[in-house]
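Me: Please introduce this structure to a newcomer through a short exchange of questions and replies.

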Amino acid sequence: DLPAEKHEYQAEVNRLMDLIVHSLYSNKEVFLRELVSNASDALDKLRYLSVTDPELLKDGPQLDIRIQTDKDNGIITITDSGIGMTKQELIDSLGTIASSGTAKFLKALKESQEAGMDSNLIGQFGVGFYSAFLVSEKVVVSTKSPKSDKQYVWEGVADSGSYTIREEKYPEKLIPRGTRLTLYLKRDDKGFAHPERIQKLLKNYSQFVSFPIYTWQEKGFTKEVEVDEDPAEAKKEGDDDTKTEPKKKTKTVVEKYWDWELSNETQPIWLRNPKEVSTEEYNEFYKKTFNEYLDPLASSHFTTEGEVEFRSILFVPATRKDDITDSRKTKNIRLYVKRVFISDDFDGELFPRYLSFVKGVVDSNDLPLNVSREILQESRIVRIMRKRLVRKAFDMILGISCSENRDDYERFWENYGKFLKLGAMEDKENHKRIAPLLRFFSSQSNDELISLDEYVENMKPEQKDIYFIAADSLSSAKNAPFLERLTEKEYEVLLFVDPMDEVAIQNLSSYKDKKFVDISKEDLDLGDNNEEREEIKQEFSQTCDWIKNRLGDKVARVDISNRLRSSPCVLVAAKFGWSANMERLMRAQSM
Ligand code: ADP
Ligand code: MG
């Protein structure tokens, strides 16, 4: 009697469903995290929209998630009072893949299959809504958007290739607003429909959801009741035949009942006192919030007060997912205003591009709730926030570089070295913070990278400049004839093998008042005895002229060098021209 429309899934969804339904994935419990995170997103959306449109809350102000289990029948229901979905939104969201997490998953899946890796990626990417089918045979989504006066029911069965949509007609199933998911568990997965199991999983997966999550739990209390004493007992004790009224006796019984129980901690971790939060808690928060598997390399939790007030926790991920050249949105910074989640689309407004790898949350008390990109770009408050955030990010990175464990910074550098070099090119204002974080190969350390501080410490007393040479490989840098004199004098030379090194250094131009000097350029002044050089110059001037004549236009000048020891000659670049390395770069780029 209730007409249900049949809809086909988009082809990609079918592929995804197939994979999920038939996966041998052992970590099926992630379904709960995914569904709770969707509920939390729906509540976030409603809370955000209701700031400008309070009418949206007319069906009740409470924003929460409620999970009920029926262990006898293997059913779980998850209800949120969030934004809900209209009929069209149901079709668009739960039948096609437009959603962020799921699309990313498919892309990674494709890449991993191409690379021949195993496809067990489900846990790494929330595959979102469809993960319900990791444990369910049938999923029913009943949902009511405040934009519509009707409630719609989506129903999907594993392995069927299609789903149905109908209007909710049963009055007892109507909800004021939001979404109720009913999961009919597969036979082998019915064990998830236990209240204690759900509560345990919530602890594991959803402790950082900022809305209350209630679970339907059996509870008990003890009470004393008066009961008649057993007459046989009374007789034995009394030991006479006198008939008496049965004696009264009190007994303790346990009264059972069911009720909602709050199952998560809703105070956001960034509002807590940093002194009272352990590293483990930060790491957990990070992993849960950003769907990461590894602990971060570092974190920083701080509050700023005064001119602008905001709280933030920043993290450096242990691995890099996005490349610096990616134009994709990184969604690495979650912006809150007075605890209301606003958006994760404003990374570019809060951090410069070269720090786009930093992840974290920022919660401001000074921005308006209806903040937009335009407002952010114009805002003086945001400019100040950005400055502070950048400074804190540098402190955090410096922390890694000072860590006892040298591996940490090596790992950091491997992942993010290019980002910092880009910073040296783009952000003059922060040169002082970037320079000490840079790392280079050197003529005196085998394959280990050194910092500029280490270089400066190792300088000879009479040495004035920081020497470098750029080449296309470490071995050609090490074997360059330019090095001979400097090696003899035991001067250390930085070996630039990454094309970005030279450009970055040219932007810095000096470090601790020491100039960077390219040893492949003419006029290299090593502070030698110039009188002697003049004599030699005179003596060989005819030889030089002769060579210049023979080479013609191929060289600009032929001169006596003071930098060689065993090689007879070397080609050097003009002082104000490009280095040979830069020429190589420019040539490569113009091809
Ligand atoms: P993602 O969360 O990454 O967008 P999902 O597959 O988890 O991907 O969800 C797909 C879409 O379905 C969501 O973007 C949202 O529009 C919609 N959706 C899922 N669950 C809910 C819910 N409880 N309330 C409202 N909309 C929902
Ligand atoms: Mg989701």
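**Confidence and conventions**

The protein chain has an average pLDDT (the predictor's confidence in each residue, from 0 to 100) of 87, and 89% of the residues score at least 70. This is a predicted model, in which local features need pLDDT of at least 70 and side-chain atom pairs count only at pLDDT 80 or more, while totals for chains, interfaces and linings use all residues. Residues are numbered from 1 along each chain as its sequence is written, and chains are lettered from A and ligands numbered from 1 in the order in which they are written.

Me: What ipTM does the predictor give the complex?
Reply: The predictor supplies two scores for the complex. The pTM is 0.72, and the ipTM is 0.99.

Me: Which strands stand at the edges of the open sheet of 6 strands?
Reply: Strands are DSSP runs (E, at least two residues; helices are H or I, at least four), numbered from the N terminus, and two strands pair if DSSP finds at least two bridges between them. The sheet has mixed pairing and the order 16-15-18-17-20-19. Each edge strand has a single partner strand, so one side of each is left without a neighbour in the sheet; these are strand 16 (445-451) and strand 19 (510-511).

Me: What is the bridge partner of Tyr511 in strand 20?
Reply: Strand 19 and strand 20 (residues 514-518) run antiparallel and are joined by 2 bridges. Within strand 20, the partner of Tyr511 is Lys514.

Me: At about what angle does helix 16 run to strand 17?
Reply: Angles run from 0 to 180 degrees between N-to-C directions, with axes as lines fitted to C-alpha atoms, for helices over the stretch in contact. Contact requires C-beta atoms, placed from the backbone, within 7 Å. Helix 16 (residues 499-508) lies across several strands, including strand 15 (439-442) and strand 18 (493-496). Its angle to strand 17 (466-470) is about 150°.

Me: Where is Ser509 found, and is this residue buried or exposed?
Reply: Ser509 is found in the loop between helix 16 and strand 19. A residue is buried if 20 or more other C-beta atoms lie within 10 Å of its own, exposed if 12 or fewer, and partly exposed in between, with C-beta atoms placed from the backbone. Ser509 has 9 other C-beta atoms within 10 Å, so this residue is exposed.

Me: Which helix gives the most to the largest nonpolar core?
Reply: A nonpolar core is a set of buried Ala, Val, Leu, Ile, Met, Phe, Trp, Tyr and Cys residues joined through C-beta atoms within 7 Å. Of the 73 residues in the largest one, those touching the most other members are Ala393, Leu438, Phe468, Ile469, Val493 and Leu494. The helix that gives the most to this core, with 9 residues, is helix 10 (residues 380-401).

Me: On which residue is the kink in helix 11 centred?
Reply: The bend at a residue is the angle between axes fitted to the seven residues ending there and the seven starting there. The buried residues of helix 11 (residues 406-426) include Tyr409, Phe412 and Tyr416, and their cover includes helix 10, strand 15 and helix 16. The kink is about 65° and is centred on Tyr416.

Me: Which residue of strand 13 stands opposite Val337?
Reply: Another open sheet, of 5 strands, has mixed pairing and the order 10-11-14-12-13. Strand 12 (residues 333-337) and strand 13 run antiparallel, joined by 3 bridges. Opposite Val337 stands Val340.

Notes. Two residues are in contact if their C-beta atoms, placed from the backbone, lie within 7 Å.
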